[in-house]
Structure formats: structure tokens, C-alpha cells
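Visitor: Hi, I'm new to this one and would like a quick tour. Can I just ask things as they come up?

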Amino acid sequence: MGLAEGLHRRSMNPAQPGASHQPATLRTRPVTTNTAATSTPVARTHTPRSFGTARALQLRAMAVDFPVVEGHPNRLPFEGVLTLIDVASDKAPSGSRGHRVVLTRAAAEAALPSLLGMAVDYKTGWDGHDARQKCGIITSAQIDGKQLTVAGFLFARDFPELEQKVQVEGVMGMSYELADAHVADMRASVWMLTRATFTGAAILLRDKAAYRNTSFRLKRANHHR
């Protein structure tokens, strides 16, 4: 077992054995019952189910619900595929010392709460990460099959240049930022990440992301809520 210095970010904190990722202000309830907007932070979970002989459907989701503010000029809803689970990256992410990586399902599920409230950022040129150029916030995260998807808001009024760029469908992708990333075997050609904490995410060109099958798009139907 090894400890990477963080992926896509250079800063990290030492791992704390036994530390919980569960935010103290969150509570859980079935995802299917959470239909009304509320100002209370809410974590929604949906645990695996089996349907006869069909394979078990694995879906986990968490979200923080914000009060609806009609016409809010600084909330531009987005959604995207942040990464793939149990799949080797197409290329080595920054901080992995040239190794491709696999984010294991167990690590992703355990780290899911750490995504809520983290920022999305972008780098001039759309080819990497700039953790200090935060342009939005993640309010929900979900694991569905092999995809880890996120949704949230961009700060459209603060960053008017973003909307024109990211509204082109199919061009933009995403990339996670991690700290406390534990690697099962540092000598392996492909690093297996067995534990990590999400510290943010970047919006970037898909062909610049470690996973080319990530995505990012605006949610027009709920614009400015």
C-alpha cells in the first residue's frame, strides 16, 4: 500500500486512518422521496437492488438541495461524467508519476460525500487544472454502473466567458482532483486507488482529460434556478 501525493493537485493532507468522509450536516433518506426543494442539506442514497435473475443495479447518489431562486444570474446548472469506476484511465493523470490509474468502486463509493460542496475549476486553454480558478460548485454526485456523474452550478455572472465555451456539446469533459490517494501497489504499471478524498474537479477539453469518455454539459431546462 502506498500513498500518492494527490492526483491532479499537488497539495495533500496525510491520510487519517479511520477518518470518516461523512459530512456532519448531512442526513440520508431514499432518493425517490426527495422531490421538494428545501434549504436543508440533504444526502440522498440509493442502495443496490436485485431484479430476479438480472444483475444487480448499482446506484448510489448524494445531493445537497439549495432553495430555488428564480432567475438567479449566477447559477448556471451543469451536469457531467466526472470519471469512470473500475476502468483504467486513458492516460496518466497529473501526480501519478506516469502511471495510468483505476479508481476502484469501493474507493469511489466511500469518497462520494467528499464531492459535495467542492468546486469546479478551469484553466486558461482548457487543457488542465487550476484549482485556484474556481468557477462553480458541485451539489450532487452519483455512481451509476461504471460512471460517476456530478451536477451543480457554474458562476455564470462571475465567469461570463465560460458559457460560450462549454455550451458546445461533446467537446468538454471533466477530471477529478484527489488528496489522500492510497495506491494498492506503487510498483504496479496501473495504480489501483483504494481510498481517496475528492477535493474538486476541472472542466477541460475531453481529449486533454485522463478519461476521454468523460463529459460536461449545461442543463438548459433548469437555467438560473
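Visitor: Let's start with D144. Which strand does D144 lie in?
Guide: D144 is part of strand β10, which covers residues 134-144. Keep in mind that this is a predicted model.

Visitor: And is D144 buried, exposed or partly exposed?
Guide: D144 counts as partly exposed, because its relative accessible area is 37%.

Visitor: How far is D144 from A61 in space?
Guide: Their C-alpha atoms are 8.4 Å apart, although 83 residues separate D144 and A61 in sequence.

Visitor: New topic: charges. How many salt bridges does the structure hold?
Guide: There are four salt bridges in the structure. One of them pairs R60 with E109, with the closest N and O atoms 3.1 Å apart.

Visitor: Where do R60 and E109 lie?
Guide: R60 sits in strand β6 (residues 59-63) and E109 in helix α1 (residues 105-111), so the pair ties together parts that are 49 residues apart in sequence.

Visitor: Are those two buried or exposed?
Guide: In between, actually. R60 is partly exposed, at a relative accessible area of 28%, and E109 is partly exposed too, at 25%.

Visitor: What does R105 form a salt bridge with?
Guide: With D86, and here the closest N and O atoms are 3.9 Å apart. This pair also links distant parts of the chain: R105 belongs to helix α1, while D86 is in the loop between β7 (76-84) and β8, 19 residues apart.

Visitor: Why does R105 count as buried?
Guide: Because its relative accessible area is 17%, and buried means under 20%. Its partner D86 is partly exposed, at 35%.

Visitor: Got another salt bridge for me?
Guide: Sure, D185 and R187 meet through their side chains, at 3.4 Å from N to O. D185 is partly exposed, with a relative accessible area of 32%, whereas R187 is exposed, at 76%.

Visitor: Let's zoom out. How many helices and strands are in the chain?
Guide: The chain has two helices and 14 strands. It runs to 225 residues, and 45% of them count as buried.

Visitor: What about the outside?
Guide: The accessible surface of the chain is about 11,100 Å², and carbon and sulfur atoms account for 50% of that.

Visitor: Which residues have the most contacts inside the largest nonpolar core?
Guide: Those are L148 and L154, in a core of 46 residues. Strand β13 (residues 190-205) gives this core its largest share, seven residues.

Visitor: What is L154 in contact with?
Guide: Setting aside neighbours within four places in sequence, its contacts include L76, F78, V120, C135, I203, F216 and L218. N74, R75 and G136 are also among them.

Visitor: How much of the contact network joins residues at least 24 apart?
Guide: If you take contacts between residues at least 6 apart in sequence, 68% of them join residues at least 24 apart.

Visitor: Last thing: where is confidence lowest, and where is it highest?
Guide: Strand β2 (residues 28-30) has the lowest, with a mean pLDDT of 31, and strand β8 (residues 100-103) the highest, at 98. Across residues 9-55 the pLDDT is below 50, and this stretch has 90 contacts in the model beyond near neighbours in sequence.

Visitor: And for the chain as a whole?
Guide: The mean pLDDT is 79, with 72% of the residues reaching 70 or more.

Key
Residues are numbered from 1 along each chain as its sequence is written. This is a predicted model: local features need pLDDT of at least 70, side-chain atom pairs count only at pLDDT 80 or more; totals for chains, interfaces and linings use all residues. Side-chain values use heavy atoms; hydrogens and water are left out. pLDDT is the predictor's confidence in each residue, from 0 to 100. Helices (H or I, at least four residues) and strands (E, at least two) are DSSP runs, numbered from the N terminus. Contact means heavy atoms within 4.5 Å. Buried means under 20% relative accessible area, exposed over 50%, partly exposed in between (1.4 Å probe, protein chains only). Accessible areas come from the Shrake-Rupley method with a 1.4 Å probe; for residues, only the protein chains shown count as cover. A nonpolar core is a set of buried Ala, Val, Leu, Ile, Met, Phe, Trp, Tyr and Cys residues joined through side-chain atoms within 4.5 Å.
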